[in-house]
Amino acid sequence: MTPRGFSSRYLGGLISLAIAALASSPAHAAGGAVPTLVAEIGASLLFAGGLAIVFARLGIPSIAAFILAGVALGPIGLQVITDPGNIEAIAQIGFVLLLFVIGLEIDMPRILASGRTLLLAGFLQFPLTLLFGMLFTKLLMLLGIGGLLTEAPLSPLYVGIAISVSSSLLVVKLFQEHFQLDTRPGQISLIILIFQDIWAIVVTLVQPSLGNPDVIAILSSFMGIGLLIIVAALLSRLIATRAFGWIAKKPELILLGAISWCFAIVALGTSFDGLTHMLGVDMKLAVGSGMAALIAGATIASSPYSVEIVTKVGLVKDFFVTLFFVGLGMSIPALTSWEVPLLALLVAFMALLARQFVFFPVFYFLGIDQRSAQVSSIQLAQISEFSLVIMFLGLELQHISQEFAAVVILAFVITAVLTTPLFENAYHIHDAIKGALHRLGFREPGGEEEESGHETILGMLGIHRDASSFLEELSRHQPELLKHTSIVDFNVALHPSIRALGAHVVYGDISNEEALLHAKIDRARIVLCSIPDNLLRGIDTAALVKLVRHVNPGATIIANAIHISDWQKLREAGADIVYLPHLEVAKTILDAFNHAYDQEIEIYEAQQIERFGTPESRHEIMD
């Protein structure tokens, strides 16, 4: 064994001692020693958890900590875990359950309701990025850069696949933390991520035949997948849904039921070849464990208990993810040269370039405005965990070497580390380059020309749910005011619906004085600032109120406050009326409670219909 420094030997000795103590301690339930696999999984979780705490403090994504934990514990690190069988078992457990969780989160109704623009963007982005990655990799090979790339003929294809998919785990988490899921870039990113996962699923279907393409084998794989989907859907309807109904009132059993369903479908899919052989038919219909797990998740994702299942499985999802990425880290070989990290930097750079030369143009030319297209492209700038799943399968199929897999894993870590700063500064980056984009021909949508003699009574800064409902109420009770309403908003997808109401709308940044002047906000009698602070970017409501007061000293300004403590700050900034939505909601809930307490539910429902109409009769810009 290669000599190591004192600290490494000492730390490795401590961990080995802990594992030995665990393995030799009595297992009270079974009366025997703890199996080595259990001890090594425990060591993986212990080490990964400790590193994750440190990485969280440094602002580095936890997945990087999990991979580093695998490297540290594996054969090239402290050699605490060296049994390939145990390493494979750890990775396979995480792999199966990770795919199951991804299947649970596939939302087909959301995809179908996303609109033609996003459907086309989701359909085109992956193959175009794949082509970009393959061509870029072949260029590197022609230039003699990256000897590892020439070792396997499928290297350009795997690089293209790796950079074509962004990380759902990282991006969705950041959107949730920053309360941006309801923003236009948030909606775009979520749909693109779903499409990317679907494309990645297609890749895993044909992946076993990539090394030696066989049409019959590919068709057999698709037949096996189709058969498993049909059988799993029938079993879900006939058995799983009923079973979850029986245990719905026992939350502790929901998780057990979900995981049992996962492994039942995995067992069924992987046994197809044996079943067909018993029937005297020699067809290769077996479905891989990962694909079977994904089908298991997707077939119960639309059940009446899907929310509860997703919630319960979500509680232990981090456990599954940890095992998989620790296992990946263990598979990284020792670095014998600088070629692997340098090539990883090139792949990471290629992923960033693809967002600008593929993602952004695709989004823009399909009708998404310049700002939303650019911000979404920047926020999707990382390599996906699903790409690592595909690399893992590629290793098993011997399509790629361990060194090449290490390149992609390191590139993933690099882009994962860059994800948070890129996400948080996406709007600032767009502001810095929008002039260059304009000169290159990527222009912002033009505003609607004002009619001569048009009088602006109401100016609205941005459209979100509050403003959408307000416009619906205005159209019901004071429709004549709509033709005297001017709106500034970035989401051009909403503009046709706004114009259909009769209001004037201008594309622009509500924090930009020129945009406000162009929209005639300086002439409005009343200005409504309804976008809450947690959705504003680059400005807060107080600063926005000051800007409006500057361009229109005589306007009556109505502003939205999230916190009660903001009321005085907004008044001092120049707001004449400050409303707090949660206080209004509290009054509505109290009214509903009083009717429920007095057993006057029918009266309450009749009053709601009288006030707001039926849901079917409301035609809001945002649902």
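**Note on the cores and surface of a predicted model**

1. L128 is partly exposed, since its relative accessible area is 38%, a value that falls between the 20% under which a residue counts as buried and the 50% over which it counts as exposed. The model is a predicted one, and this residue is a useful place to begin reading it.

2. L128 sits in helix α6, which covers residues 116-142. Together with L120, F123 and L124, L128 makes a nonpolar patch of about 320 Å² on the surface.

3. Turning from the surface to the interior, the largest nonpolar core contains 128 residues, and I67, F100, F325, F363 and F386 are those with the most contacts inside it. Helix α15, residues 339-365, supplies the largest share of this core, namely 15 residues.

4. What does F363 touch, once its neighbours within four places in sequence are left aside? F363 is then in contact with A121, I188, I192, I368, A373, S376 and S377. Apart from the core described above there lies another, made of 30 residues, including I521, I531, A575 and V578.

5. For the protein as a whole, 26 helices and eight strands are found, and 49% of its 623 residues count as buried. Among the contacts whose partners have a separation of 6 or more, 75% are between residues 24 or more positions apart.

6. The accessible surface of the protein amounts to about 29,500 Å², and carbon and sulfur atoms account for 64% of that area.

How values were computed:
Residues numbered from 1 in each chain as written. Predicted model: local features only at pLDDT ≥ 70, side-chain atom pairs only at ≥ 80, totals over all residues. Heavy atoms only, no water. Core = buried A, V, L, I, M, F, W, Y, C linked by side-chain atoms within 4.5 Å. Buried < 20%, exposed > 50% of the residue type's maximum accessible area, 1.4 Å probe, protein only. Helix = DSSP H or I, 4+ residues; strand = E, 2+ residues; numbered from the N terminus. Contact = heavy atoms within 4.5 Å. Patch = residues over 30% accessible without salt bridge, like charges linked within 9 Å, V, L, I, M, F, W, Y side chains within 5 Å. Areas by Shrake-Rupley, 256 points an atom, 1.4 Å probe, with all protein chains shown as cover. Salt bridge = Lys/Arg side-chain N within 4 Å of Asp/Glu carboxyl O.
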